[in-house]
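Student: I'm new to this structure. Could you pick one part and take me through it slowly?

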Amino acid sequence: MARAFFRLQKFLRRTQFLLFFLTAAYLMAGSLLLLQRTRLVIQQGSRGTPANQALPVPDEMSRVGIIDPRTLQNPRPGPRLLVGMDALQEPALDQRHSPHWLMSRNSELRRLRRRWFHRFTSDQEPMQTAGFKPMKHTAEHKGTYMGCFTDDLRERTLKGAVFYDLRKMTVAHCQEACAERAYTYAGLAYGAECYCGNTLPAAASKPEECNSECKGEKGSVCGGVNRLSVYRVEELWAGARRRRNVIYRGCFRAPENLTDIFPASLIQPNLTVEMCSEFCSKKEFPLAVIRGQECYCGYPTGHFSLHDSTDGLRCSRTHNASSTAEGKYCLVYQTPVQDTRCTDRKFLTTKSKVFVALSSFPGAGNTWARHLIEHATGYYTGSYYFDGALYNKGFKGEKDHWRSRRTICVKTHESGKTEIEMFDSAILLIRNPYKSLIAEFNRKYAGHLGYATDRNWKSKEWPDFVNSYASWWASHVLEWLKYGKRLLIVHYEDLKQSLIPKLKEMVEFLNVTVTEDRLLCVENNRDGNFKRSGAKQKNFEPFTQEMKDLINRYILTVDEALRGRNFSGLPREYVPR
């Protein structure tokens, strides 16, 4: 009996060891399989990826989302591209660069992107607790703390300029932004919002009511709920950005009665540009107009739109009466002050009955178009993805669910049949593929405002990027033309050249009525916060002849498809001839 029991015990021990070994082997095999399937996206995440994301993610990963298409099996382009036929008809499958091939390939890219999108979860910011203690004003800054004030949303005193940074706002950052635009006071609210102005708010509040900690500076106060922590801005300290320069807008024919058009004026012997600009800045006007010894301040309006400048020789810069042709012409300058007539934005009060997409290929100017639409209509735009950098700079529709219908339109780079047909209508923004590819490559490797390095351009990443993304540029347009229900085609180049007329078309398409003054305000603030400063000149040509041949064939295909749907073709500046 004892011997049998001993044998059983020995067998169980061996079985236990065998089970342990098999379990370990199973876990190792599963781990290796998981690593193999995610290796590509992990590598891609370490370098940055294109502009797509479905869910909120940490800031450092906020622009990751589309798996690099070069990781797909991508045969090199054949010598021919199907051109000269109806691009919306599906040709034979052996046409490697036909619209049908582009659409099927785009679908493959889209499936891979979605796998990557849903690996992330949103990073929820901790909510402020009810027992939050008032903090001391210990931040290092040059300004003088003026106190805690009530922030009246209807009659806001500090309304000269508005900035948001919902992740990195600090007292110094707000003061610097206001000082750069020549304002006297900087006020912070909600821990992340910055307001500038030249007049203190009238209603003071209890110090303990300003209890929101600055998002980018622990231990510092940045206002509270409907409360402003106000600082008097001192001279810019060492290392801060210098005050923005006054910009010369041109010489214009003076209106018949300047005092009726411009609400503030000054007559000053020996008037200089600096004197007039400083006077208008303190009055919080974006324009300084000089006629002889007279200085006028105001905004661009329908009576003075700044669209019809005249020969600069008609205006002299000595600013005496004889130099301006006896008062017929005036000099116009842009002050550092922001035009705030169009900066107020909100969500729709009722759900929109029409679900509108703002669709574009990455790098085609979608963020800029959203900036223009938001300021023209006064309503936030949404996004199919989530971009923390955009949300932190004031695009509050980023965190609103894209199907909430509380935004005026929804940004998307998607182009599948299902994704297109869920929208009732769409603004399809198209840009020169050469410029789009460069812009997206810069964003991929250096963010919204940076530039890719020469090392990036000369690496194998660039040709692989062009080979994959050029086909996406074409298939994106073709699929929206095929499945879109109601389209407004907007060419980036036309919008840039004729901003007001094209923006009017977009606003009317969105069924919103706006005033001419608001559109002129948008024109005065046309660049927004995500314009790269200047064009970084590369000392080499990034596109090889092989790349140009490939892209030009796609351009001809898209141009043919647009004309086949009775739209105007692509702008002639980049259609091969």
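**A close look at helix H15**

Tutor: Let's start with who is tucked away: in H15, the buried residues are Met-547, Leu-550, Ile-551, Arg-553, Tyr-554, Ile-555, Thr-557, Val-558, Asp-559, Ala-561 and Leu-562. Buried here means under 20% relative accessible area, while exposed means over 50% and partly exposed is in between (1.4 Å probe, protein chains only). Helices (H or I, at least four residues) and strands (E, at least two) are DSSP runs, numbered from the N terminus.

A word on the ground rules: this is a predicted model, where local features need pLDDT of at least 70 and side-chain atom pairs count only at pLDDT 80 or more, while totals for chains, interfaces and linings use all residues. Residues are numbered from 1 along each chain as its sequence is written, and side-chain values use heavy atoms, leaving out hydrogens and water.

Now for the length of H15. The helix covers residues 545–564, 20 residues in total, so at 1.5 Å a residue it should span 28 Å. That expected span is 1.5 Å times one less than the number of residues. The end C-alpha atoms of H15 are 29 Å apart, which agrees. As for the spacing along a helix, an α-helix has 3.6 residues a turn, so residues three or four places apart point the same way. Just after H15 comes Asn-566, with a positive phi of about 65°.

What does H15 pack into? The largest nonpolar core has 46 residues, and Ile-430, Leu-437, Trp-462, Trp-473, Phe-543 and Leu-570 touch the most other members. H15 supplies at least two residues of this core, as do strand S17 (425–430), helix H9 (433–446), helix H11 (461–483) and strand S18 (487–491). The biggest giver is H11, with 13 residues. A nonpolar core, by the way, is a set of buried Ala, Val, Leu, Ile, Met, Phe, Trp, Tyr and Cys residues joined through side-chain atoms within 4.5 Å. In soluble globular proteins, nonpolar side chains tend to be buried together.

Trp-462 gives us a way back to our helix. Leaving aside neighbours within four places in sequence, Trp-462 is in contact (heavy atoms within 4.5 Å) with Leu-437, Ile-438, Phe-441, Asn-456, Trp-457, Pro-542, Phe-543 and Met-547. Met-547 is one of the buried residues of H15.

There is also a second, separate core of 28 residues, which includes Cys-342, Ala-369, Ala-376 and Cys-521.
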